[in-house]
Amino acid sequence: MFAKDIGIDLGTANVLIFVKGQGIVLNEPSVVAIDSETKKPLAVGLEARDMLGRTPGSVVAIKPMKDGVIADFDITEIMLDHFIKKVNGKNPFARPRILICCPSNITSVEKNAIKEAAERTGAKRVFLEEEPKVAAVGAGLDIAKPSGNMVIDIGGGTTDVAVLSLGGIVTSSSIKVAGNTFDLDIVKYVKNKYKLLIGERTAEDIKITIGNVYPDSKKEKMQVRGRDLVTGLPHTITVASDEIEEALRGSIYTIIHTAKNVLEKTPPELSADIIDKGVVVTGGGALIKGFDQLLSQELKVPVFIAESPLTCVVEGTGILLNNLHLVDK
């Protein structure tokens, strides 16, 4: 049995894997639970995520990816090895070719770390490709033509903004403000305003359920449970979507300013194309209500949310696996 080519979206929040001929076969959180005494992995992915913030002293749930790059090399290797074996079976002779995505402005040292981690899981050959390019391909943009396409990919750890033409990136910027930052913004806001301590998972639930960044949108409310910082006891409060808009405002405008800076550096001919075609937003952050309206208002160009923003990058790896000549060696 020969190994099939594999595309991996190695994200800060989730790992998605595409197997050539099968489609997306895995979508699990980038979390590993280890025993802090023996340093042995106890759970990976979904099982480990359920342990976050709920583990006894000897069990630690670790997120090995930070801001789109490897923060803990050994744990990343354990995680990749587990996921690749899960999709590839336990065949010792299966040595797949792997295409992995990385943020657009990571250093060569960080690129080598990602490559090494994949090679040590038994890959025959490892290709690296920049995330905004793969996201654009996955969103259905034809980047091979000599016309400008702009994509904003808001992941868990990084937001990548890029203008592409002729199969390559013309101008780009990558910032460490993304989905995880939004969660922390909500935690901080609730703590400061209500003196209530909530976990990152609760903050994520708030973001998904009532998160809204467009000031004039419909008001929604949600009950939130946490620990009262004054009494130390469990407590329930009600938060509204306009409070979440206030909590996220700073981070959202950081992304908007980054997009403006990329547009300012774009050659005029390509800028003209972007006015016609608009901007495509991918990644989990694209799902925050009102973001497309706010972005369109600020950039003065049409803004579209990709059809399946969460899987754009991994679907892009699937397309590139069939066209490996387009990938930078």
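The exercises below, each with a worked solution, concern the predicted model shown above.

Residues are numbered from 1 along each chain as its sequence is written, and side-chain values use heavy atoms, with hydrogens and water left out. In this predicted model local features need pLDDT of at least 70 and side-chain atom pairs count only at pLDDT 80 or more, while totals for chains, interfaces and linings use all residues.

**Exercise 1. The nonpolar cores**

Determine which residues have the most contacts inside the largest nonpolar core, and which helix gives the most to this core.

Solution. Begin with the term: a nonpolar core is a set of buried Ala, Val, Leu, Ile, Met, Phe, Trp, Tyr and Cys residues joined through side-chain atoms within 4.5 Å, where buried means under 20% relative accessible area, exposed over 50% and partly exposed in between, with a 1.4 Å probe and protein chains only. The largest such core has 43 residues, and Met150, Ile198 and Ile206 are those with the most contacts inside it. Helix H7, residues 241-264, gives the most to this core, with eight residues; helices (H or I, at least four residues) and strands (E, at least two) are DSSP runs numbered from the N terminus. Apart from this core lies another, of 31 residues, which has Leu26, Ile70, Ile98 and Cys102 among its members. As a last step, take Ile206 and leave aside its neighbours within four places in sequence: Ile206 is then in contact (heavy atoms within 4.5 Å) with Ile186, Ile198, Gly211, Met222, Val224, Val239 and Ile244.

**Exercise 2. The five-stranded sheet**

Give the strand order of the open sheet of five strands, and name its edge strands.

Solution. Two strands pair if DSSP finds at least two bridges between them. The order is S13-S12-S11-S17-S18, and the pairing is mixed. Strand S13 (168-175) and strand S18 (303-305) each pair on one side only and are the edge strands. Direction ignored, neighbouring strands of this sheet are turned by 20° against each other on average. Within the sheet, strand S11 (residues 149-154) pairs with strand S17 (residues 279-282) in the parallel sense over four bridges, and Asp153 stands opposite Thr282 in S17. Finally, helix H4 (residues 131-138) lies across S11, strand S12 (159-165), S13 and S17, and runs at about 70° to S12; axes here are lines fitted to C-alpha atoms, for helices over the stretch in contact, and angles run from 0 to 180 degrees between N-to-C directions.

**Exercise 3. Two helix pairs**

Classify the packing of H7 against H9 and of H5 against H6 from their angles.

Solution. Angles under 35 degrees count as roughly parallel, over 145 as roughly antiparallel, 65 to 115 as roughly perpendicular and the rest as oblique. H7 and helix H9 (residues 291-299) pack at an angle of about 45°, with their axes 11 Å apart, and are therefore oblique to each other. On the H7 side the contact includes Ile252, Tyr253 and Ile256, and on the H9 side it includes Phe291, Leu294 and Leu295. For the second pair, the axes of helix H5 (residues 179-194) and helix H6 (residues 200-210) come within 8 Å and cross at roughly 100°, so H5 and H6 are roughly perpendicular to each other. Among the residues making this contact are Phe182 and Ile186 of H5, and Ala203 and Ile206 of H6.

**Exercise 4. A loop residue: buried or exposed?**

Locate Thr158, and decide whether this residue is buried or exposed.

Solution. Thr158 is placed in the loop between S11 and S12. Its relative accessible area is 5%, so Thr158 is buried. Not counting residues up to four places away in sequence, Thr158 touches residues including Asp67, Gly68, Pro103, Asp153 and Ser174. Thr158 and Gly179 are 21 residues apart in sequence, with their C-alpha atoms 7.9 Å apart in space.

**Exercise 5. Strand S9 and two positive phi values**

Explain why S9 is described as largely enclosed, and then compare the settings of Lys39 and Lys195.

Solution. Strand S9 (residues 97-102) is largely enclosed by the rest of the structure because five of its six residues are buried. Strand S1 (residues 6-10) pairs with S9 in the parallel sense over three bridges, and strand S10 (residues 125-130) pairs with S9 in the parallel sense over six bridges. Turning to the lysines, Lys39 has a positive phi of about 60° although it is not a glycine, and lies in the loop between strand S4 (32-35) and strand S5 (41-44). With a relative accessible area of 55%, Lys39 is exposed. Phi of Lys195 is near 55°; Lys195 is found in the loop between H5 and S14 and is partly exposed, with a relative accessible area of 42%.
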